[in-house]
Amino acid sequence: MKTLYQKIWDTHAFAGAPDGSCLLYIDRHLLNEVSSPQAFDGLRDAGRAPWNSGACLAIADHNVPTANRAAGIADPLSRAQVAALAGNAAQYDITFLGPDDARQGIEHVVGPELGATLPGITLVCGDSHTSTHGAFACLAFGIGTSEVEHVLATQTLRTRPMKTMLVRIDGTLGAGVTAKDVILSLIGRIGTGGATGHAIEYAGSAIRGLSMEGRMTICNMSIEAGARAGLIAVDDTTIDYVRSRPYAPSGAAWTQAEAYWRGLVSDPGAEFDRVISLDAAAIVPQVSWGTSPGMVVAVDGRVPDPDAETDAGRRESQWRALRYMGLTPHTPVTEIALDKVFIGSCTNSRIEDLRAAAAVVRGRRKAASVRLAMVVPGSTQVKLQAEREGLDRDFLAAGFEWRDSGCSMCMAMNDDRLSPGERCASTSNRNFEGRQGSGGRTHLVSPAMAAAAAIAGRFVDVRDWTLEDAR
């Protein structure tokens, strides 16, 4: 009996070594402008070329501007990195999606969108949130710059097997509770190191009930729980999403592929190194209060008191987080006021995320106290789809900024950043000190929660929020 992870591993691993490592064949390699320049330089210095350029897809996303893109990239380093990726892709005949390409976007949005992400494959990228792609029952994880070079040169990676963890979530999510709340709730329970060294498989009726976009959100933040990868088994939802994508197989090849993909589930009785169960009905909208994704609390809760923590190390970490965040113990979450709101990132910038946020702001107006509320679609195609549906008009009428696709404020790139002391409701994945700008204070929430916070000027519970509550 094998787990889903073991099935993929066994079809890709070879050349085992006495130390337990082996070579893992890599089917798909995503490249971005931040982690690839040195890798390509290393290839040239060694007189090598990519082993299989056709397995690579190069996407400019981290450094591209999301406003006034026609003016180009102002920052010299960012401009040089994007130019280097374009030049390297041209030299080695790698498909390049630059700022002006209609297929451009965040790599972890574009890969699935194009069908470059397929069930059963191994996929790597020089970015930690590569775990996103595991929603398609593929083994996907981030790698370092030296490993980017190794995969380019050999189409393999020297690595060790991961431990396995099953996270089973059964039941029905309540109204206003999203995939973002599910993963934040899990991280709050097990901590940011709770899944270290593991590949998490998410299962249960609540997971099966999610769309592919919701599944990607959960797998995206597996890394925040310490995991190397997150996976979800193939079902009809997976197959229907992949069907007819540009990079997906067709005709007889599709029939053959689908037959194989449907076997990408854990066998009954397969054993995991660790099993965790959650009740979907018990999960409520979450808001992070500290400087770690594990520092989360229910929206109807209060900022915790570190003095109630018995572990001295955790107690000091919590006090440090509160000092940085400018918060006081026991403060109700709904009394935390905001300066900015960011809806975007590889976690929550897909069309369903934007629909959920637009439904909240429609017919309403951003609070005057919120200096900036910005919406950054995950790809150009997501942006165009949103505009066809009129979502951009909903946001603009509510006082939000409507941007071009890119990583944006998630990494404080270009001018999309917080100033010292500014507090932001963000749909991104990390709330570390300075993550969205030096001295910036980030609270992680779902798209609907972020949108409601922008209207109210503070956090509100989307489960029972009305227009009157925002006044």
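Trainee: Over which residues does pLDDT stay under 50?
Mentor: Keep in mind that this is a predicted model. The chain as a whole has a mean pLDDT of 96, with 99% of its residues at 70 or more. For the stretch under 50, the model has six contacts beyond four places in sequence. That stretch is residues 467-471.

Trainee: Okay, on to Lys-7: is it buried or exposed?
Mentor: Start with where it sits, which is helix α1, residues 4-10. The cut-off for buried is under 20% relative accessible area. Lys-7 comes in at 17% relative accessibility, so it counts as buried.

Trainee: And which residue has its backbone oxygen 3.1 Å from a polar atom of the Lys-7 side chain?
Mentor: Look at what Lys-7 touches, leaving out residues up to four places away in sequence: Lys-2, Gly-263, Val-265 and Asp-267. The backbone oxygen at 3.1 Å belongs to one of these, Gly-263.

Trainee: Let's move to the strands. What is the handedness of the crossover from β15 to β16?
Mentor: β15 (residues 340-343) and β16 run parallel, joined by four bridges, and Lys-340 stands opposite Leu-372 in β16. Between the two strands the chain passes through helix α12, residues 351-361. This β-α-β crossover is right-handed.

Trainee: Which residue in β17 is the bridge partner of Val-375?
Mentor: Val-375 is on one side of β16 with Ala-373, while Leu-372 and Met-374 are on the other, and all are buried. β16 also pairs with β17 (residues 401-402), in the parallel sense over two bridges. There, the partner of Val-375 is Trp-402.

Terms used. Residues are numbered from 1 along each chain as its sequence is written. This is a predicted model: local features need pLDDT of at least 70, side-chain atom pairs count only at pLDDT 80 or more; totals for chains, interfaces and linings use all residues. Side-chain values use heavy atoms; hydrogens and water are left out. Buried means under 20% relative accessible area, exposed over 50%, partly exposed in between (1.4 Å probe, protein chains only). Two strands pair if DSSP finds at least two bridges between them. A crossover is right-handed if, with the strands pointing away from the viewer, the path from the first strand over the helix to the second runs clockwise. pLDDT is the predictor's confidence in each residue, from 0 to 100. Contact means heavy atoms within 4.5 Å. A polar contact is a pair of N or O atoms within 3.5 Å; within protein, one must be able to donate a hydrogen and the other to accept it, and residues adjacent in sequence count only if both atoms are side-chain atoms.
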